[in-house]
Number of protein chains: 2
Amino acid sequence: MARNTLVQADPNAPPITRLLAEFVANHPSRGWSDAVDHEAHRTFLNWLGCAVGAAYHEAAEAALAAVGVLQPAPQATVAGRPERVDIASAALLNGIASHIFDFDDTHLKTIIHPAGPVASALLALAELTGASGRQVIDALVLGVDVACRMGNVIYPEHYDRGWHITGTTGMLGAAAGCARLLGLDAGRTQMALGIAASQPVGLREQFGTMTKPFHPGAAARAGLMSALLARQGFTASPRALEAPRGFAQVVSDKSAWHEATDELGRRFEISFNSYKPFACGIVIHPSIDACVQLRAQGVRAEQVERIELKVHPLVLELTGKKEPADGLQGKFSVYHGCAAGLILGKASEDEYTDEIVNRADMVALRRKVEATVDERIGEASADMAAVLTDGRRIHIFVEHAIGSLQRPMSDADLAAKFSGMSDPVLGAPRSAALIAACWGLGEAADVRALAALARPA
Amino acid sequence: MARNTLVQADPNAPPITRLLAEFVANHPSRGWSDAVDHEAHRTFLNWLGCAVGAAYHEAAEAALAAVGVLQPAPQATVAGRPERVDIASAALLNGIASHIFDFDDTHLKTIIHPAGPVASALLALAELTGASGRQVIDALVLGVDVACRMGNVIYPEHYDRGWHITGTTGMLGAAAGCARLLGLDAGRTQMALGIAASQPVGLREQFGTMTKPFHPGAAARAGLMSALLARQGFTASPRALEAPRGFAQVVSDKSAWHEATDELGRRFEISFNSYKPFACGIVIHPSIDACVQLRAQGVRAEQVERIELKVHPLVLELTGKKEPADGLQGKFSVYHGCAAGLILGKASEDEYTDEIVNRADMVALRRKVEATVDERIGEASADMAAVLTDGRRIHIFVEHAIGSLQRPMSDADLAAKFSGMSDPVLGAPRSAALIAACWGLGEAADVRALAALARPA
């Protein structure tokens, strides 16, 4: 029978479920700056490239096989593959694929990867309804806003507790975006958020397993289904996000309510989205960046006597593996990252194969890297000095790595990243057409043309 | 980037994910007493009757319409309906329907309603694979054991925090049961539990809305899909249940690990399952029971001057509504419950219509009930004295109500409860055949015959 003790309770929380629902349902189409709109296109492009790139990864194959048991109707695209599946399964599979490489976007304030849950649900639903690209971009901006704002409400306590925040806020973003795409009114959007609130997905304990990328996929599916249920009149608590036994207070001891609504409709969280240039943990990025810059100055590996690297303590704590044995271990080695930066000039998924990690020149160079902790170096920075065989000493200080908000990847960088992942799957010409379709999404009359390009010819 | 602070952490938890997986994969078929096996049949019967009974409720209709958007393959039965849907959707829909009336089973130690998530997933999967009834009963016993044992680990702190424990342990039970039904080995069963661990469903804030019954349905679907994924080699943390950032420690501050494995394979939690005789909150049951007993003594409503009822404080706190206006409010009125018990001799879903609640004789009798709090009366008890117009005073003390573990409903009671829900949907002859099929499930060569009977002719 009902117990009445509350572990914690703030019965006076503002009505954020209603306020966010009204915002999602009523905010005008393209009711933001061109910069925000362009960032939405960058977010979509980066998400799709990651999903296409991992289309044949073993985790994607296993998930597709499991979904196949359901004999899904061929409603929507599985990025990079010829198979089509029902829209809920497409949301699941594309959300999984987009996070497999850990190469997707990051809302730095909460470390949410917002596109996985939101865009995966939206593209699938839009394919079925024949929505315009403008409707998808609008829904993406609003869905990401809801997920990241709710993340701001509960982060970091929620993450510290052990939740994988991408999947535990993503279902809210997906529900909001899908509700917008379906044209639900504020009341039904509020119900969609409410139904989704009961379905947070993700434990940090799963990091390092296939269930980590499962989280954004399952969140995408949950949010999509929540919107479909709400459209049919399915009900939920109108205070599901903020009530004492509602989402925020159950999954977190921190509830900074003002984050849900501060500057709502004027500040958009998608503005603060970032994209990884390197397929590894973000703490290594400044060090890799320094080595890429060294290479750009014409320095070759054989000229290097040693590399003196000063880094924030977290770098060696998390990625201090001196002799990585395979590709996966390479992701946890700042030494391999530096070798990739100087010898190969990049560190995409391709630079983390077992073969590359064990290549003689890579091993030789990474052993020349002497990394030391320096408490004065910020988490976003790295200080490198390369001592060359001719006695020269070249100093490079990276305050903010490429891919940070301070030094964002250019559109060309993002397109190149996309090609690197997509060309092997779709072929270069189709990849190029797909990139062009992403940049033009906001003008597209129907997203189905873009979705078709995301499948092999 | 990764944070390393843990809110709480017990890194030395026993390996319960592995131990439970080994148990589920390796325990012998029918490796328990006849009493346990019979209880499993009672659990299945009660679950199916509830699901059939609510087949056309507005929540069931809305959920079916939402699922219909996916154009599901006709793989599995939606209890009580002609439509067939894919197995994941059938698990969802039957789980929802089985909890709509709040008339399903209760594992009293944790107030989990275990059959909804577990049986809903199992029947759907068994229909597709053509499993035998024995396999389903085995999987039901083991799945319920996993869900309720994990409930024992985290209850009551988890529930107090605001989680709806039926949906937040049910995905583990469904995953365990489906893994058993699929014949997964211990390693893959461990992965199934791990994948499911990331997907707890349910907030208590949703009570009173359609999202409450959504919880067991979504848990059923999540557990089923987790088992299908694990069969394909999808991976999860092998310590997903017990690790510091795993399930139990993230969703609860209480982790009584020994509950997971005490007497594992010798004590079965399904033995402690109970079934509601009355379609309302369990605190009212002793009072209704007393009035049913009064009726059995030949007393009629028109002979009653007044009814003096002494009850535990929770009864009036939760169900003290003196003048309920409609059926739903009737569920929160011990006064209406007493009137139903004496005038109608029962309090199934049919006795909670708007019409019955407002019937003149019902209103007249409920106003003669004088309920007072008596701290000496236990939560499971009620003390009633009926004062009749001829001056007689009849005293009835109910220590444990019908439906409790101490006074379980008989098999005949359960069959009558089933008929009351199912006859209006399937017709009496088909209902009777379905009841017989449930009692004989353990001997059935293929569950499909039973599933077919659960659809209209």
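These legends describe close-up views of a predicted model.

**View 1. Chain A and chain B are related by a rotation.** A 180 degrees rotation, with 0.0 Å of shift along its axis, superposes chain A on chain B. The RMSD is 0.1 Å. The two copies are thus related as by a two-fold rotation axis. Within chain A, A:P72 has the C-alpha nearest the axis, at 3.2 Å from it.

**View 2. The copies meet through the same surface.** Of the interface residues of chain A, 100% are also interface residues in chain B, so the surface that each copy uses is the same.

**View 3. The second largest pocket and its centre.** This pocket holds about 1300 Å³ of space. Its lining comprises 42 residues. Nearest the centre lie B:D102, B:F207, B:G208, B:K212 and B:F332. Five elements of chain B each give two or more residues to the lining: α3 (58-68), α4 (87-100), α10 (211-231), α14 (313-319) and α15 (327-330).

**View 4. Make-up of the second largest pocket's lining.** By class, 18 lining residues are nonpolar, 13 are polar and 11 are charged. Two domains of chain B each supply at least three residues to this lining. They are domain 1 (16-276 + 437-453) and domain 2 (282-398).

**View 5. An annotated segment of chain A.** An unreviewed UniProt entry carries the annotation "domain: MmgE/PrpD N-terminal", which covers residues 20-258 of chain A. Over residues 20-258, the chain is 63% helix and 3% strand. The end C-alpha atoms of this segment are 12 Å apart.

Technical notes
Residues are numbered from 1 along each chain as its sequence is written. Chains are lettered from A and ligands numbered from 1 in the order in which they are written. This is a predicted model: local features need pLDDT of at least 70, side-chain atom pairs count only at pLDDT 80 or more; totals for chains, interfaces and linings use all residues. Side-chain values use heavy atoms; hydrogens and water are left out. Copies are superposed by least squares on the C-alpha atoms of residues with pLDDT of at least 70 in both. Contact means heavy atoms within 4.5 Å. On a 1 Å grid over the protein atoms alone, a cavity is a set of points where a 1.4 Å probe fits but cannot get out, and a pocket is an open set with protein on both sides within 12 Å along at least five of seven lines; lining residues have an atom within 4 Å of a point. Grid points are joined across faces, edges and corners, and a volume is the space filled by probe spheres set on the points. Helices (H or I, at least four residues) and strands (E, at least two) are DSSP runs, numbered from the N terminus. Ala, Val, Leu, Ile, Met, Phe, Trp, Tyr, Cys and Pro count as nonpolar, Asp, Glu, Lys and Arg as charged, and the others, Gly among them, as polar. Domain bounds come from an automatic or database domain assignment. UniProt positions are given in the numbering used here, feature names are shortened, and annotations may be inferred rather than shown by experiment.
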